[in-house]
Amino acid sequence: MYTDTTIAKNIRVADEKASYDAACKKLLSEKIILAWIMKNCLEEYRDCDVNEIAEKYIEGQPQVGEVPVAPDETNSATMIHGSGNEDRTLTEGTVTYDIRYLALAPVSGELIRLIINIEAQNDFYPGYPLIKRGIYYCSRMISAQYGTEFTGSHYERIKKVYSIWICMNPPKNRENSITRYYIAEENLAGSVKEQKEDYDLMTAVMICLGNEKEDTGTDVLKLLNVLLSTETGSGVKCQILEEDFNIKMTQALESEVSLVCNLSKGVEEKGIQKGIQKGIQQGMDKGKIYGAIVAYKDVKLSEKMIVKKLQEKFQLTEEAAKIYLEEVR
């Protein structure tokens, strides 16, 4: 058991909002959390035990977004290590992945290396179809293998890649869903059969979260809904993780869960104070409402959820809550 984490050191000098996002990504990079995602979303691991995945098939130490890993840290026992979280080309620019790592997959008695990228996404409609970005990331991870996994014409050495997106505030019609996009063989004429491993080289997976109290019927959705909830306290989260998912709560993991909860509250409180200052000339009550809206936006709640929370917190009608939301927008 270790007593501190790199993220705990880094967030002390970072902006509260950036720290909250970084803490979420750090929490998702725990091996046992990744193992649950892999078992439920990646066909190579469906028959594996989560502990087996975490201990046997995930390689090394974390590469997490823009949060650097201190070279003298020794957190390798429970975290993952990738091949670097930046992908650079002269013509296409730099892509920074939230979490990027290597994993081994058991197939027919041999081990096949996978390259897996996981992204935590708050905005489902950032101005473009999110799935296109997922496919682009897959493409970048494949092209980046030239010169490392293969050279010349040795395309047989290309490794399969996954890009997994965890969307925290999806539209209502996508809540509590997991969707997979992949390359499949289709005969338009004749009947031929290529080996699947020769074309099954990229897969994008969209995990859309929802209400943690709803019965999702899928373990990983329940796990992530609880883990990333802005309403459930850290004590309850740790209890659910331990009792429902048999996740051993080390001191480090427990502190990371607590950190995410505390930072989300800090972001909310800071937003409330900011809104109060902006709205104080129009009356303290209005300032508090503005502040609450700013806070809810900072933790990336959907507009529907913001309206609901405003109704509950300030005893507003739905119409009044929408008007306040529009004023802040």
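## Two helices that cross: α10 and α11

Let's start where helix α10 passes helix α11 in a right-handed crossing. This is a predicted model, and in it α10 covers residues 303–314 while α11 covers residues 318–328. Their axes come within 9 Å and cross at roughly 120 degrees, which makes α10 oblique to α11.

If you would like to find the contact yourself, look on the α10 side for Glu303, Ile306, Val307, Leu310 and Gln311. Their partners on α11 are Glu318, Ala321, Lys322 and Leu325. By type, the residues of this contact divide into five nonpolar, one polar and three charged. Residues three or four places apart in an α-helix point the same way, because the helix has 3.6 residues a turn.

The loop between α10 and α11 holds Gln315. Phi of Gln315 is near 55 degrees, a positive value in a residue other than glycine. Gln315 is also exposed, with a relative accessible area of 65%.

## A second pair: α6 and α7

Now move back along the chain to helix α6, residues 219–227, and helix α7, residues 234–245. Here the axes are 10 Å apart and the packing angle is about 165 degrees. Since an angle over 145 counts as roughly antiparallel, α6 is roughly antiparallel to α7. The crossing of α6 past α7 is left-handed.

Which residues make the contact between α6 and α7? From α6 come Asp219, Lys222, Leu223, Val226 and Leu227, and from α7 come Lys237, Ile240, Leu241, Asp244 and Phe245. Six of the residues in this contact are nonpolar and four are charged, with no polar ones.

Follow the chain onward and you reach Asn246, in the loop between α7 and α8, the helix of residues 251–279. Asn246 is not a glycine, yet its phi is positive, at about 55 degrees. Is Asn246 buried or exposed? Its relative accessibility is 62%, so Asn246 counts as exposed.

## Gln145, a buried loop residue

For a contrasting setting, turn to Gln145, in the loop between helix α5 (130–143) and strand β5 (160–167). With a relative accessibility of 1%, Gln145 counts as buried, because buried means under 20%.

What does Gln145 touch, leaving aside residues up to four places away in sequence? Its contacts are Ile115, Phe150, Arg157, Ile158, Lys159 and Val161. For Lys159 there is a further detail: its backbone nitrogen lies 2.7 Å from a polar atom of the Gln145 side chain. Tyr155 makes a useful landmark too, as Gln145 and Tyr155 are 10 residues apart in sequence and 9.9 Å apart in space, C-alpha to C-alpha.

## A mostly covered helix: α3

Helix α3 spans residues 31–41 and is mostly covered, with nine of its 11 residues buried. Those buried residues begin with a run you can follow along the helix: Lys31, Ile32, Ile33, Leu34, Ala35, Trp36, Ile37 and Met38. Cys41 is buried as well.

## Stepping back to the whole chain

With these places in mind, here is the wider view. The protein chain has 11 helices and seven strands. Of its 329 residues, 48% count as buried.

How do contacts span the sequence? Among contacts between residues at least 6 apart in sequence, 59% join residues at least 24 apart.

Technical notes
Residues are numbered from 1 along each chain as its sequence is written. This is a predicted model: local features need pLDDT of at least 70, side-chain atom pairs count only at pLDDT 80 or more; totals for chains, interfaces and linings use all residues. Side-chain values use heavy atoms; hydrogens and water are left out. Axes are lines fitted to C-alpha atoms, for helices over the stretch in contact, and angles run from 0 to 180 degrees between N-to-C directions. Helices (H or I, at least four residues) and strands (E, at least two) are DSSP runs, numbered from the N terminus. Angles under 35 degrees count as roughly parallel, over 145 as roughly antiparallel, 65 to 115 as roughly perpendicular and the rest as oblique. A crossing is left-handed if the near helix is turned anticlockwise from the far one by less than a right angle, and right-handed if clockwise. Contact means heavy atoms within 4.5 Å. Ala, Val, Leu, Ile, Met, Phe, Trp, Tyr, Cys and Pro count as nonpolar, Asp, Glu, Lys and Arg as charged, and the others, Gly among them, as polar. Buried means under 20% relative accessible area, exposed over 50%, partly exposed in between (1.4 Å probe, protein chains only). A polar contact is a pair of N or O atoms within 3.5 Å; within protein, one must be able to donate a hydrogen and the other to accept it, and residues adjacent in sequence count only if both atoms are side-chain atoms.
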